[in-house]
Amino acid sequence: MRKISYDPLWKKLIDARLTKTELAEKAGFSRGTITKMGKNEPVSLDVILKICNELDCGIEDVVEILPEP
């Protein structure tokens, strides 16, 4: 089964000089969601859209689908 990764987001946050907590506050979602993302657990597309809007980026800049091992 394929897995998701939020590594593109973490790299984008470094470039933007934003912390995960700052992103959650600005985009309007909970720190619990950031915790889920830190564990590469799925989150709603609504959250992904909020992140894309806040960072002015595409979904590919937030999440990637990893190939099967």
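**Entry 1: helix H4**

I began with the far side of H4, where the face turned away from the buried side carries the exposed residues Leu45 and Asn53. The model is a predicted one, and I read every entry below with that in mind.

I then listed the residues of H4 that count as buried, and found Val47, Ile48, Ile51, Cys52 and Leu55. They cover an arc of only 140 degrees around the axis, so they sit on the same side of H4. I looked up what this buried set packs against, and the partners are H1, H2 and H3.

**Entry 2: the end of H4**

I followed the chain past H4 and came to Asp56, which has a positive phi near 50 degrees. Asp56 is not a glycine. I noted the background for this: most residues other than glycine have a negative phi. I placed Asp56 in the loop between helix H4, residues 45-55, and strand S2, residues 64-66. Is Asp56 buried or exposed? I found a relative accessibility of 71%, so Asp56 counts as exposed.

**Entry 3: the loop between H1 and H2**

I checked for another positive phi and noted Arg17, at about 55 degrees, again in a residue that is not a glycine. Arg17 lies in the loop between H1 and H2. Its relative accessible area is 78%, so I entered Arg17 as exposed.

I also looked at Leu18, whose place is in the loop between helix H1 (7-16) and helix H2 (20-27). Leu18 has 16% relative accessibility and therefore counts as buried, the cut-off being under 20%. Which residues does Leu18 touch, not counting those up to four places away in sequence? I found Leu13, Lys26 and Leu55. I had already met Leu55 among the buried residues of H4.

**Entry 4: Thr33 in H3**

I turned to helix H3, residues 31-38, where Thr33 is found. The relative accessible area of Thr33 is 14%, so this residue is buried. I set aside its neighbours within four places in sequence and found Thr33 in contact with Val43 and Val47. Val47 is one of the buried residues of H4.

**Entry 5: the whole chain**

I counted the secondary structure last and got four helices and two strands. Read from the N terminus, the order of elements is β-α-α-α-α-β. The radius of gyration is 11 Å, close to the 11 Å that the globule rule gives for 69 residues, so I noted the protein as being as compact as a globular protein of that length. Along the principal axes, I found that the C-alpha atoms fill a box of roughly 35 × 25 × 20 Å.

I looked up the burial for the chain, and buried residues make up 33% of the 69 residues. Of the contacts with a separation of 6 or more, I found that 64% are between residues 24 or more positions apart.

I noted an accessible surface of about 4,700 Å², with 51% of this area belonging to carbon and sulfur atoms. For charges, I have 11 positive and 12 negative, and their mean positions are 5 Å apart.

Methods
Residues numbered from 1 in each chain as written. Predicted model: local features only at pLDDT ≥ 70, side-chain atom pairs only at ≥ 80, totals over all residues. Heavy atoms only, no water. Rg over C-alpha atoms; globule rule 2.2 N^0.38 Å. Buried < 20%, exposed > 50% of the residue type's maximum accessible area, 1.4 Å probe, protein only. Contact = heavy atoms within 4.5 Å. Areas by Shrake-Rupley, 256 points an atom, 1.4 Å probe, with all protein chains shown as cover. Lys, Arg positive; Asp, Glu negative; His and termini not counted. Charge placed at Lys NZ, Arg CZ, Asp CG, Glu CD. Arc of directions from axis to C-beta.
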